[in-house]
Structure formats: structure tokens, C-alpha cells
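Visitor: I would like to go through this model term by term, with the criterion behind each label.

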Amino acid sequence: MRIGLLADLHANREAVEACVKALEAAGCGRWVILGDLVGYGAEPGWVVDWVRERVADGAIAVLGNHDQAVVAGNADSMGPVIGAVTAWTHSVLDQQQLAFLDGLPLQVVDEDRLYVHANAAAPADWAYVSNRLAATKSLLATPAWLSFCGHVHEPALYYLQAGSASHFAPGSGVAIPLSSQRRWLAIPGSCGQPRDGNPAAACAWFDTATRQLGFLRVPYNHELSAQKIRAAGLPQVFAQRLSEGF
Amino acid sequence: MPVKLHAGLKIGEFTLVELLHEGGMSRLWGVSHAQIDVPLLMKLPRIDYGEAVSQVVSFEVERMLMPVIGGVHVPRFFGSGEFEDQPWLVMQQLEGDTLEALLKLVPLAPARVAQLGALAAQALDDLHRQHVIHLDVKPGNLLLHVDPTNRQERIVLLDFGLSHHVDLPDLLAEQFDVPMGTSAYIAPEQVLGVRNDPRSDLFALGVTLYQLATGNLPFGTPTSNHGMKRRLYQEPIAPRSLNPAVPRWLQEIILRCLEVDANLRYPTAAQLAFDLLHPEQVALTGRADRRQQGGRLAGWRRWFVSLGSRVERSEGKSVDASRAPLILVAIDLKQSNPALDEALREMTRRVMQTATDARLACVTVMRVARIGVEPNLDAEGRSRHVKRLIALRHWARSLNLAEQRITFHVLEGAEAADALIDYARSNAIDHLVMGARGVTGMRRLLGSVSSRVVAEANCTVTVVRARADTPRDPDADGPTPGA
């Protein structure tokens, strides 16, 4: 079985559609959503509905810090610029959509895999996995053989060894066979708001039979997503960064 | 506790048949499988208490890499897993001995050394093109196998426990402080911890060829880290000083492989194979005539160069074989169209300029009536051959390429297209450049050489046409657009 993984979708409908199409072409039949469905982008309603439908079909989704802030309608939690988007998002989602976000779990364990938005060492504190030390903490906090998280927008793969975990920057699209003799932590990268200088949407797949992991970069119509952000009157900077991927 | 292994034990879908080899690092069992009818080998590393961690990780690396590499120069992979605590891996068992078996016969005849070296370099080229660097090339890991279908020899590479895949996580990269490799063969940069340079394999192959040609190891078999580092500043004794039967061209090739600065070695395994296959075309330098050991001055030079490579280590960039391509330009000496000649030269110039490590083979085909006739043996044939070589050199003169970047070859064959396609395949040519001729009555009758080469060669083909030479009848010549 091949699982498609999306993280940090950030209300970007075009990016989600493109990633889903690419992952379906790669043979994915199940979905895992690693949090931050909303925030920054102009189509939170569409993205929440899409995830809700998948979850109704057995997909797994976890809560992200933006999802939590939007549910609370908390415009102050991440500064005034993001706060404006948070308040706007809260205002355009209906009660059912907000209730769905509110009901998302912080983490889910499925067989030998852990799905969580932030660092597994303190998932509710929204700690990042942005370096080898943080990755080591996250890996040591769970017995799971393979963890997936988001929150950090750059794709990465960490693996446990003596000392600090090692870091690998995926880039070639080559499927990576994950050894069962050590433990791994994979970050698919942000679907809806890439920040590594490449505007293409990021996502990943994992094959439970072959134990292979694939990182994908999918080009999508980011100009359209940016237009929608401007049309909604959201801060310009969130439109601009989509075309530059910063 | 390690599992007790015995004949008849079922591991995964495989059944143990007999213990074939009991080594210090692992055991090899012959195994069978109900649906697989090729001979199979199961490798099981020792996991007893006290075994080195590096050994365990090495096997993990091998299990990770073997399923993703393929081709005729590696054993076919059939599966891997864990049986209780015991990891295992099954691959095809190939007939043949490793080159280690030849070590009791050294020194080998130089022609045989070159032949084996070319086969090994071709195998490494295949591996490097799959983005994998072996990092433990030595006689014991080079299996000489005779293909039962065509009776041709080839080298199959064994043991990928230290290998590095450019696009996959490197489980060995930073885990161990000691250099990983076999002390007699390991490249100097590898001693310093560099694991992403394909030219490290060319150094190790150079040590192997040195050993086959002289019976000696150029840097001995040091047992300490310090001893291994000695190759950074100590020049090896020249092979011809140990065995005068070694020709100058072979010494040139071997010593170039053993350069401490990887930039001075062959840029690719394919270029090394090319020189080993064409001894008469090897550009000789001071290496060919070196005697004994370079003096203290040469040692210092080597040492300074090695300091430089230590700086490079931190950059951590790996070399892409595609930046040092082998280019073939096919020249039809019979045709006389100055515009096409110039267009062909211009295209060749452009292709050679894009990659500074590119090498050019200028090739022409001398038609012989049929295979089996050897016009080369008589005086007339020799003079026809020499005449063509002179013409090729004349054709290439204005390209102004340094001697070591260009070679000249007169092929013989009944069909020009067949000769070019065969040559490109057996010499691992990356890019073939040739001219399209105008429309002639003969062309209509016989078909075009270039269209066959485009269709059948296993490399990139560029067909050059002089602007004024556009064929009037598009069906008559060359590949049609989009072909």
C-alpha cells in the first residue's frame, strides 16, 4: 500500500490539487495530512472540506498550530500579519469546518509509524524539527520506527545513529529504501507554502510493502493562488512568497 | 544469540542448501527457491557479540543499495530480510573467480593487465552512471565472469558494503572516525573521509593494475591510519622499474590512476577504459618514463597537492561523469563538401567546449569488401590505413585540441553504420557527431548511414547538416525531423 503525505497545506487549493494528482499517479491510495490545513492561503474552506472527505474515507489528519489558532480565533498568537489571516480564516469557515479542525488529534500512531505536526518530544508546544539535535529529541520521544512531521517547510530526512541523528536533503526524486535496522524521521516539506527557494509544491509517498520513501516536487499554478490571496485582501507578502518559494 | 544455521533451514522464501564460505565478516550459503532457477547465494553477516558496528552498518548499506542498482556488472538481487536477529540478503551466484585468484600468477602479461583493467573500468563506468561509487575496489571484489550466451568476459563488481549512492542517505558518512576501505587499495581522499568522488574507484583500480603488472603493491599494506596517509606524500615506485616488460603506455595509465590529486586522474572510468583499449593512442607524459621513486622533491609536490585536496574535502561536491563525456566525430573522407566539413568541425568545437574534460575520438570507416578479408596485413592495406590517419589529423588540425584530448581511429567494416554503432557501444561513447550527406542516386538506393546510426546507436547522436546542403527531397536523406 502506498500512502500519500501532505504537510502544511495552508489553504492553497492549487498546490493541494497538483500534489494529489502527482501522488495518485505515483500509486497512492491512502492519505495522511500532517497539519496546518489553513493559514496564509485564500481557500481554507476548500482545503478543510477536501481533508474532511478523505478522513471520512479512512485518511489520517493531525492538528497544526495554524489550525489551532484559527479555531480559537486567536489573532495575536503569531504576530499581527499572520493574526490578520487567522482572523479572516476564522470568519470564512463555517461551524462544521471549525469543528472538524477542533477535533483533529495532535498525533496518531498507525502500526510502526507516527504522524505528528511538530516535534514529537513536545507536540503541543509546537517545537520545530529544524536541526539534527531537534530531530534526535523527536526520534527519541517515540518508539515508532518511522515518524512523519511538518511544521518545518523544507523537506528533510533524519535517521538515528550513534550521537546526533544524521540529516539528508532529498532532491533527486530517487525512492529511498528505509532500512528496518534504524529509525527514521521524514519531513515531506510544505505543500501550500514552500520556503526553500523552489516554488514547486512539496509532498511525499511511503510504500508500506517495499518500505520505500519518495519525495516529490510538483509545479502548480502559484500565480492563481497568489491572485486569490490578493483578491481576498490578505497581506501581499503571502502572495508574493508563493512565486519565489521563500 | 545468533541463529544456528543448517542445511534445510528455511529463511524467508529460501532454503539453505550448503555452506559455501565462512569468512571473518560473513557466511555465504548456497540457497534454493521454488520459483527461481538461477543459482542463488545468501550472505549472512556475523552478528556475534563483539563484532564491529561498522560491519553491521556495512551490511545495512548493502541491503539498501543492491535493490536499486542493476545491469550486467552487479549480481542480481533477489531479496533481503531478517530471520530473528540475523539479517540476510540473496543474490545471484555467478560463475567465475575473482581477480584475487590471479595474484599467484603475477606479474601478468601487460596486454592481459590492460584487458582486465578495461573490463573493470567498464564495470565501474556502469556503476558510476547509476550514481553509485564502490569505494572498495580490489582484486577480491572484481569477479571475472564469462557470459554463457556469448562467451565474452566481463567483470562483475562484488560487495557494496562501503559504497555510496549520490542520491541516498549515506549511513557510513560520519559514523566512524577511521577511514573505511581496504588499506592497500584505498584512495588518499578516502583516507581523509571523502566518500563522494567516483575517481576514488579509479585510484583503487590503479593499485590493482599495478599489482597485476608488477606483483607488488604500490603503497604496501599499512595497518595504521598514519600508514595509510603515507600515500598522500610518497610516490610509488614506477612499475617499469619493477617489471621492465611493462610498456610505457601502461605505466602512464597506471601512474595517472595513482595521482594523489583526483583532478589529475582520469575524469571518468569510461575514459580510463578507452585508453586501456587503445594503447597506441595513449598520450605519454613524464609518467611514462619515470624511474624508481620520485625524489624528495616529488614527494613534497605530492604532499602539497594533498593539502589542497583536504581543502576540497569540505566542499563535499561529487563529480558528475556527464561533465567528462567521450565524444565521437565520424568523418567521411570520401565526400568533398567544404561547407559540411566546416559545419561538422564547428559542431565538434562547440561540443568539446562545453565540457573541459571531454575527449574526442575522430573516426572514419574504411570499407572492406567483406568480413574476414584483412587488407591491413599487406603493404597496400597499411598504406591505405596510414593515409586515412593522416587525413583525419588534417581534418582535426584546426580544432586545436591538446594531444591528450584527441585520438584517431580507422575502423574497417562492410557497412559504415554497423562499424560506428559497434564502436560507440564498445567504447562507451556518450555523444556521436556525424554529417548528413546530400542527396545522391546512391543514397536513394542504399539508404542513409546517419538515419541508421540515429536509430540504433546507444548514445546521443547529432547529425550535422550544412545550411546550403538542405536536401530537396526530405525523404531521401538523414533522419526526418522528429525521428
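Visitor: What makes E4(A) and strand E5 (residues 113-116) of chain A a pair?

Guide: Two strands pair if DSSP finds at least two bridges between them, strands being DSSP runs of at least two residues, numbered from the N terminus. E4(A) and E5(A) have four bridges, in the antiparallel sense, so they meet the criterion of at least two. One bridge partner in E5(A) is Leu114(A), which stands opposite Val109(A).

Visitor: On what basis are these values given?

Guide: The model is predicted: local features need pLDDT of at least 70, side-chain atom pairs count only at pLDDT 80 or more, and totals for chains, interfaces and linings use all residues. Residues are numbered from 1 along each chain as its sequence is written, chains are lettered from A and ligands numbered from 1 in the order in which they are written, and side-chain values use heavy atoms, with hydrogens and water left out.

Visitor: Why are strand E4 (107-110) and E8 of chain A said to stand at the edges?

Guide: The open sheet has six strands in the order E4-E5-E6-E10-E7-E8 (chain A), with mixed pairing. E4 and E8 of chain A each have a single partner strand, so one side of each is left without a neighbour in the sheet.

Visitor: Which residues lie opposite each other in strands E5 and E6 of chain B, and how many bridges join these strands?

Guide: Strand E5 (residues 77-83) and strand E6 (residues 86-92) of chain B run antiparallel and are joined by six bridges. Phe83(B) stands opposite Gln86(B) in E6(B). The two strands form a hairpin with two residues between them, and Glu84(B) in the turn has a positive phi of about 55°.

Visitor: Why is the link between Arg182(A) and Glu60(B) called a salt bridge?

Guide: The rule asks for a side-chain nitrogen of Lys or Arg within 4 Å of a carboxyl oxygen of Asp or Glu. The closest N and O atoms of Arg182(A) and Glu60(B) are 2.7 Å apart, so the pair qualifies. The rule finds one salt bridge across the interface of chain A and chain B.

Visitor: How many residues are in contact there, and what area is buried?

Guide: With contact meaning heavy atoms within 4.5 Å, 17 residues of chain A are in contact with 15 residues of chain B. The buried area (accessible area, 1.4 Å probe, that two parts lose on being put together, summed over both) is about 1400 Å², of which carbon and sulfur atoms give 52%. Pro177(A), Gln181(A) and Arg182(A) supply 36% of the area that chain A buries against chain B, more than any other three residues.
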